[in-house]
Amino acid sequence: MQRREFSKTALAAGALAALGTFAVSRQAQAAAARAAAGMPAMGTNLSGMEWAKPGLRANTSSAPNLHFTVPRKADVAYLAACGFLKNRLPIQWELLQPMLHDTAANAAAKAAIGNPGAFHAGYEAFITGVLDAHAAAGTRCIIDNHNYGRYQDFRFQPDGSVIGLTVPPSPLRPYTNDAVQIQSRIFSLAPGATLKIAHFTDFWTRAATKWKNHPGFGGYGLMNEPHDMPKPGGVIASNEEAVKGGEDLTIWPTFAQAAIQAIRAVDTVNPIYVAGNQYDSAMAIGTKNPGFPLAGANLVYEVHMYLDAFSNGAFFDYDTEVAKNYSAGFGSGPIKASTGVDRLKIAVDWAKAKGVKLALTEVGMPIDDPRWEAMFTQAAAYAAQSGCEVYTWMGGNHWPIRNYAINHVPGWHQNKTLEPAVSGVLKAAVGIAQATLFDDGPGYALAGTPLTITVYARGNLAQPVTLTVASNKGGTLSKSRLTIPAGANGQDSFTYTPLANQVATLSYTGEGQVPPSRKVFSLADPAGYAATNLADAALAIVAKYGACKWELADGYTDYLLGAPAAAGQVVRAVSDSGYGSSPGNAMEMINWINKESGATGPMSLPVMRVTNGKKNSDHAVPESFGFWCKKSGRVAGVQPNPRNRVPYNLEDAHFAIAALSVPAQNNTGVVFQASRTEDLQVSELGFTNGQPRAKWVDSKGQTVQLLAPAKLAANTPAVLALVSVAGAQKLRLNSAEVGSSAATFAPSAFTQMLMGCGYVSYYPREGFRGNLYAVVAGKGAPTAAEMAVMEQYLASTAGLALK
């Protein structure tokens, strides 16, 4: 299929962060034009609503924004602004239909769980809200039943009761305190089946009746990744049998055909997406699904395909995958640049031979090696040329998705939306010319030491972009003319060698948007420079240690299509205005929780305040959730050296400084935290009953806590800091040491940083319920003089003068 370009300019729509309603509409119109021209739909999986299953029915693991997250309107609008026509919304069957239609439940169970077959009003409203957002953006959304041919249910007693049934406060779901009273139902055609065709058809009949005419509705995803169905005559998963394998491959096609007929009795128009056995494998669509293609109009056969050796999307180290000398679909032999195309071609050839439509509803591009991008580029282009729809795994805004090795999740950098790398490749595949420019690199070097700065595009350029870079304080540039190549995610680098004892500004010029100017410091004594310019001296020290700096003066209303936050507005995004970021690893602080409905739980959003002319984020409301910088951890054989990493671990020398105030004298909670999501290791600043504190917990449970001797005065700005090196920890308040310890910590990896709240062991930790002006954090051991300069600067962001 011939590609079409809808923009001939280098930067079709400029910076995505500046796009408004008109630009969103324009991109949606362009996407509709591509569809009319025969180009396939492309988008992402808005993952988040299907994450609650592990603890569902068993405990209170059903909290919105914690155990599952509903996509926001801004997520959908942003994707439309990128020109993506359609998305896939994974949902959890049990959350939408908490009781199967033929359940013999007693009155108490019905009152707690819901009437048999009825949709849960709150979850149904979430889905409708996502469809509303698509309709408003001029795009559409597939509802995907993301349940693998299974349904996690209570065991109902003969009298219709559930032993141990517990009803927590809304919006949490009922659960049983007796784990034996939970069962996993699975599709089966045998007598004694616990999950029957009638259950499946009832579900889709109700869904079709509800959403068939919604202008944002884009189709029915019958069932995600059916796999390991029972053996012939069986009623439990074949992979749970004593002898593995031998699944009845006719079960799923029979269920699918029945669901198609049920939907078509209600809706004769909208597309139906039909998955296949064996996890919806692209390589098995034509050989492991007896009876395919099925009878019915407007069917789209969906397949999944990943790029790692086993095509399961769970391994991200390219060299490790090559060394496995195996490629799913082909057997022995390593993966290679054409692997994605080779795997998808099996499904494309089958679809062409059968005369049916095809959609690649899950595919991913690992971000830590350019060879993955080259492989994915080939696959995406082939899909577009073959008329195959593509939906990347995974978008949405649930917290575990952030900086997972394959994602379609935007970030925030240099006060602009940072487009995920996979998006640029998709744009290139269908000819969407639209990109945003950024730059990153170190900012401190003594005279004669070159620094490498990289300018990069996120998105897709229709033609090369040329920029000129110049220094206002001399020094040597390896080149002054940069060229960002056409295509997806291009970049160019240069070196700058400063003169002695200078504060140089590097500035870019060119047609269209350019990265912001950047300061480079070659000060031999940056702390001493404070007498000349406090702000530059502090920034020089931040640059010296490659530290991050987040100032609420840079707070924006959103990391998607946002604007500078004014007093009283919600603030969701703060860029790193220091030097902790690197190409592909922006140290943004963002808030993605969904508060568009009263049923989204008790978490509250920070609000911008202006106090004595200084911007700050207000976290005083109970359960205020602050800002989160989610990163990746090293996993041997899976992701041994992720690009997206926190600057330091607990055992490293590190420091953190925060400018803040509290409205009362008994506050307790987190101000700033570096930690690991899944575990308890932490380094944090906070308060305990009004007393400033620093706290460290390592991976072996060793805990050090330092408390200031007195409470902080209410509504009085202060600067709180911690410093840790092997054998020495310090707590500082307004540049004075108020506590110390002498611990050495066990190796303890960090995967995140948070401001105004915490999050460890899979659960939020209460914020300090105060006002936050600025934070600096980084690796290394600044001198006392350097700490004092940074503290003085942060004090100035709160209107406080420190000596």
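Across the whole structure, a search finds 36 aromatic pairs. The model is a predicted one. In one of the pairs, F217 and Y220, the ring centres are 4.7 Å apart and the planes meet at 70 degrees, so the geometry is edge-to-face, a class that takes planes over 60 degrees apart. F217 and Y220 are both buried. The two residues also belong to a cluster that ring pairs build from W93, F119, Y151, F187, F200, F203, W204, W211, F217, Y220, W252 and F255.

W412 and Y556 make a tilted aromatic pair, with 4.9 Å centre to centre and 55 degrees between the planes. Strand β15 (residues 411–413) holds W412, while Y556 sits in the loop between β26 (548–551) and β27 (573–574), so this pair ties together parts 144 residues apart in sequence. Both W412 and Y556 are buried.

Lysines also lie over ring faces, as tabulated here.

| Lysine | Ring | Distance to ring centre |
|---|---|---|
| K324 | F315 | 3.7 Å |
| K416 | F438 | 4.7 Å |

Helix α5 is a separate topic. How far apart are the end C-alpha atoms of helix α5 (residues 121–137)? They are 24 Å apart, which agrees with the 24 Å that 17 residues should span at 1.5 Å a residue, because the expected span counts one less than the number of residues. The buried residues of α5 are G122, Y123, E124, F126, I127, T128, V130, L131, A133, H134 and A137. In an α-helix, residues three or four places apart point the same way, because there are 3.6 residues a turn. After α5 comes G138, with a positive phi near 75 degrees.

Conventions. Residues numbered from 1 in each chain as written. Predicted model: local features only at pLDDT ≥ 70, side-chain atom pairs only at ≥ 80, totals over all residues. Heavy atoms only, no water. Helix = DSSP H or I, 4+ residues; strand = E, 2+ residues; numbered from the N terminus. Buried < 20%, exposed > 50% of the residue type's maximum accessible area, 1.4 Å probe, protein only. Phe/Tyr/Trp six-rings, centres within 6.5 Å; stacked < 30°, edge-to-face > 60°. Lys NZ or Arg CZ within 6 Å of the ring centre and 35° of its normal.
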